[in-house]
Structures are given as C-alpha cells and as structure tokens.
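Please walk through this model with me, from an irregular loop position to the strands and helices around it.

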Amino acid sequence: MDNKITTYSTLWNLVDIDKKDHQLKDIATLFLNAMNDWPTFNQTDIQDFINELKAYFGTPLTIEKIDKRKFDGQNAWQVEAGSSIAQLIDTSTRFCNQSDFDKIIDSVLNFYNEDFKVVDFIVELKYLTTEQGGRKTPANSGYRPHLKFDFTEEQTSGQQTFIDKETVYPGDIVVAKIKIFSPDYFADCLTEGMNFEFREGSTLIGTGQIKHIVNDRLEKACR
C-alpha cells in the first residue's frame, strides 16, 4: 500500500479536507500556491517542482537567494512562486523554529502522509438495517469490509474511518474516509459520484457513493 504523497493534486486534496487551522497547513498552502504559479506546463510532481525551484533560485534555497532574483520582464511567474516560498520559509522560521527549506517540506509531507494512511477518497455510506440483511451489531471506525464496484468483479478491502463518529449502527448514514488495499488495481478507475457496495464475504452490508477523491492516482482521467 503506497502511502507517500508525490503529486500536487493529492497534497492539495489532503490540505483541502484538513479543517483545522494550524501553521503546517498554512505552510503547505504557500507551497501549493508556489507550485501552482510555477510556469512549467502541467506541473504535477512535487519533487520535479522542488528540483526546478532549486535550479532557478539556487541551493540551499533561502530567502536571500529568492530576493536576488528580480523581475526581468519575463520571469513574473517564477518571481510570484518565489514570493510564496520566501513567505513559507519566513513563517516556518518564526512559528516553527525551522528555516531549512528541505526540512520544512519534509515536515509538511510527513504530517499529511499520516492523513494519507487512512484516506484515498471520502464517501457517504448507507448501512443496511439488520432486517434488510445488514449487520446485527454496530461497526466501529476502522472497520474493513470489502468494496465492490460495478465495473469489475474484483473486490478490495476498504478501511472505513468515520468522520465525526466512532460508531455506526445498522441503518445509519455516515460520511467516512476510505483507504483501499489494492490501489494499483484501481488506478485511473474511480470517479466522484461513483456508487459501490460494501460486504462481509457474500453478505451485503451497505452501499456507498464517492464524494471526493483524495488519491489522484485512482481518479479516472477526463477523456
């Protein structure tokens, strides 16, 4: 199971679903702003962006090096991105006591990698009642039934981390984070709004709908 963030989209999605206010979220947002402004067409890979950033401004990457790059009539987007990176370093220095750019980014990615361990996509789950053939007992957050999508006979174990709840009962509707255990098999297959079933063996426990895809490796590309 790959739990490492490598792309802009996945990091952006994780920051987007992070509803708490904290300094690492602010720093991550500045990094994403810089990556979005960088002029390389269709920039997606985080490490590629960092390499280009250092090649342009110099390494180690510091506020002083960024400030030396003045607007020359053609580098507006590099200067704009550099401004966000300088603000990122300044914010981290003042509030996190860390001025080393590489260590700052490592801290951001390590923090959001912890979230990524429990979420590939956000769903709404509808549990069947016991009378409908569903569970006879409640399910706790961390429950791992199998997921079944209409487009394949393949099933995958999918960990459910309930949002704002620890326990759900038969008949409940709940919003949850899902982490699947066969991400490579489902790469480029899922879309927001897609429906699925979740089961224990051959027993249908409930149905779900994907509301938001976090892991961009899974999202079906627009054709």
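Asp-188 counts as partly exposed at 31% relative accessibility, where buried means under 20% relative accessible area, exposed over 50% and partly exposed in between, with a 1.4 Å probe and protein chains only. This is a predicted model, in which local features need pLDDT of at least 70 and side-chain atom pairs count only at pLDDT 80 or more, while totals for chains, interfaces and linings use all residues. Residues are numbered from 1 along each chain as its sequence is written, and side-chain values use heavy atoms, with hydrogens and water left out.

Asp-188 has a positive phi of about 60 degrees although it is not a glycine, and it is found in the loop between β6 (173-180) and β7; helices (H or I, at least four residues) and strands (E, at least two) are DSSP runs, numbered from the N terminus. Most residues other than glycine have a negative phi, and most peptide bonds are trans. Asp-164 is another non-glycine residue with a positive phi, of about 70 degrees, and its place is in the loop between β4 (155-162) and β5 (167-168). With a relative accessible area of 77%, Asp-164 is exposed. As for the peptide bonds, the one from Thr-59 to Pro-60 is cis, with omega near 0 degrees, and Pro-60 lies in the loop between α3 (46-57) and α4 (63-68).

From these loops we can turn to the sheet, which is a closed barrel of 6 strands in the order β1-β6-β4-β3-β7-β8, with antiparallel pairing. Neighbouring strands of this sheet are turned by 45 degrees against each other on average, direction ignored; axes here are lines fitted to C-alpha atoms, for helices over the stretch in contact, and angles in general run from 0 to 180 degrees between N-to-C directions. Two strands pair if DSSP finds at least two bridges between them.

Within the barrel, β4 runs antiparallel to β6 and is joined to it by 5 bridges, and Gly-158 has Ile-180 in β6 as its bridge partner. β4 also pairs with β3, in the antiparallel sense over 3 bridges, and a hairpin joins β3 to β4 through 5 residues. Of the 8 residues of β4, 6 are buried, so that the strand is mostly covered. Leu-147 stands opposite Thr-156 in β4 and also opposite Phe-198 in β7, and 4 bridges join β3 (residues 146-149) to β7 (residues 195-200), which run antiparallel.

Continuing round the barrel, β7 and β8 (residues 203-213) pair in the antiparallel sense over 6 bridges, and Phe-198 stands opposite Gly-206 in β8. The two strands form a hairpin with 2 residues between them, and Gly-201 in the turn has a positive phi of about 65 degrees. β8 is joined to β1 by 7 bridges, and these strands run antiparallel; in β8, the bridge partner of Tyr-127 is Gly-206.

Several of these residues return in the aromatic pairs, of which there are 13, where rings of Phe, Tyr and Trp (its six-membered ring) pair if their centres lie within 6.5 Å, and planes under 30 degrees apart count as stacked, over 60 as edge-to-face and the rest as tilted. The rings of Tyr-127 and Phe-198 have their centres 4.9 Å apart and their planes at 65 degrees, so the pair is edge-to-face. This pair links distant parts of the chain, with Tyr-127 in β1 (residues 121-127) and Phe-198 in β7, 71 residues apart, and both Tyr-127 and Phe-198 are buried. Phe-149 and Phe-196 form a tilted pair, 5.5 Å centre to centre with 50 degrees between the planes. Here Phe-149 in β3 and Phe-196 in β7 are 47 residues apart and again link distant parts of the chain, and both are buried. Elsewhere, ring pairs link Phe-31, Trp-38, Phe-49, Tyr-56 and Phe-57 into a cluster.

Finally, among the helices, α1 (residues 8-17) and α6 (residues 101-116) pack at an angle of about 75 degrees, with their axes 10 Å apart. They are therefore roughly perpendicular to each other, given that angles under 35 degrees count as roughly parallel, over 145 as roughly antiparallel, 65 to 115 as roughly perpendicular and the rest as oblique. Thr-10, Leu-11, Leu-14 and Val-15 in α1 meet Leu-109, Tyr-112, Asp-115 and Phe-116 in α6, where contact means heavy atoms within 4.5 Å.
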